[in-house]
Amino acid sequence: TFVYHLGVHCTDDSMLVHSLIKNGDDLNKRKIIVPRPRRYRTLLGDVTAKYRGDPMPEDEQQELLDKILMGYLAERVIFSHENFLCMPQAVFDYKKLYSKAYFRTTWLRYLFPENPCEFFLAIRNPATYVPAALQQAGMPTYEEFTKGSDPRDMRWQEVIAAIQENN
């Protein structure tokens, strides 16, 4: 099973994945692997952009797994990245909260199409989310970030429904 913690910007600063890595020995005994982020984040980003939801060929799946797992046997592999859905500047693209979630999760899902896949999503109260996001380095102005949408209309259930419907 491949588990994708979709993060969402400004929710945990990678604390979840670092906590899981610290407990790696206990998890490994249960055949749960939490690879170090530097081992997979760029790789998964490159591969999802290349295949864009098309199933990856089996030989490339195995090659990717070999790079990520480094010989460990796994029944469950946990990945976490706040940019799985989009970069922080693109959160309100198309005037909709995380509008790319429906296809970006499908891209992840079809990296290993023959294996079960689970998605987990961290969320944050919109009243604190927008100000926190705007304080990140390299962020645009409020108007450029929200792209004319009203953050008071943010609804996480729309993001979750899009992920469910497309996977």
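Contact here means that heavy atoms lie within 4.5 Å of each other, and that idea will help us at several stops on this walk. Please keep in mind that the model is a predicted one.

Let's start with helix α5, which spans residues 101-109. Is this helix mostly covered or mostly open? It is mostly covered, since 7 of its 9 residues are buried. The buried ones are A101, R104, T105, T106, W107, L108 and R109. What covers them? The cover includes strands β1 and β4 together with helices α3 (37-51) and α8.

One residue of α5 makes a useful contrast. F103 is found in this helix, yet it counts as partly exposed because its relative accessibility is 24%, and buried means under 20%. Although F103 and A162 are 59 residues apart in sequence, their C-alpha atoms are 8.6 Å apart in space.

A162 leads us to helix α8, so named for residues 156-166, whose axis comes within 8 Å of that of α5. The two axes cross at roughly 40°, which makes α5 oblique to α8. The crossing is right-handed. Which residues make the contact? On the α5 side they are A101, Y102, T105 and T106, and on the α8 side they are V159, A162, I163 and N166. A rule about helices is handy here: an α-helix has 3.6 residues a turn, so residues three or four places apart point the same way.

Now turn to the sheet. It is an open sheet of 4 strands in the order β2-β3-β1-β4, and the pairing is parallel. The strands at the edges are β2 and β4 (117-120), and each has a single partner strand, so one side of each is left without a neighbour in the sheet. In general, strands of a sheet pair through backbone hydrogen bonds, either parallel or antiparallel.

We can follow the sheet strand by strand, beginning with β2, residues 32-33, which pairs with β3 over 2 bridges in the parallel sense. Here I32 has R76 of β3 as its bridge partner, while I33 is matched with V77.

From β3 the next step in the order is β1, residues 2-5, and these two strands pair in the parallel sense over 4 bridges. F2 stands opposite V77 of β3, so V77 is a residue we have already met as the partner of I33. Further along β1, H5 has S80 of β3 as its bridge partner. On its other pairing, β1 is joined to β4 by 4 bridges, with the strands running parallel. H5 takes part there too, with F120 of β4 as its bridge partner.

Which way do the side chains of β1 point? F2 and Y4 point one way, V3 and H5 point the other way, and all of them are buried.

Let's look back at β3, which is mostly covered: 4 of its 5 residues are buried. Where does S80 sit? It lies in this strand, which runs over residues 76-80. S80 counts as buried because its relative accessible area is 4%, against a cut-off of under 20%. Leaving aside neighbours within four places in sequence, S80 is in contact with H5, V17, Y40 and R41. H5 in that list is also the bridge partner of S80.

Our last stop is the cysteines. How many disulfides does a search of the whole structure find? The search finds 0. To see why, take C10: its sulfur is 11 Å from the closest cysteine sulfur, in C86, and that is too far for a bond. A disulfide would need the two sulfur atoms to be within 2.5 Å. Seen from the other end, C86 is in no disulfide either, with the sulfur of C10 as its nearest cysteine sulfur. Are these two cysteines buried or exposed? C10 is buried because its relative accessible area is 12%, and C86 is buried too, with a value of 2%.

How values were computed:
Residues are numbered from 1 along each chain as its sequence is written. This is a predicted model: local features need pLDDT of at least 70, side-chain atom pairs count only at pLDDT 80 or more; totals for chains, interfaces and linings use all residues. Side-chain values use heavy atoms; hydrogens and water are left out. Buried means under 20% relative accessible area, exposed over 50%, partly exposed in between (1.4 Å probe, protein chains only). Two strands pair if DSSP finds at least two bridges between them. Axes are lines fitted to C-alpha atoms, for helices over the stretch in contact, and angles run from 0 to 180 degrees between N-to-C directions. Angles under 35 degrees count as roughly parallel, over 145 as roughly antiparallel, 65 to 115 as roughly perpendicular and the rest as oblique. A crossing is left-handed if the near helix is turned anticlockwise from the far one by less than a right angle, and right-handed if clockwise.
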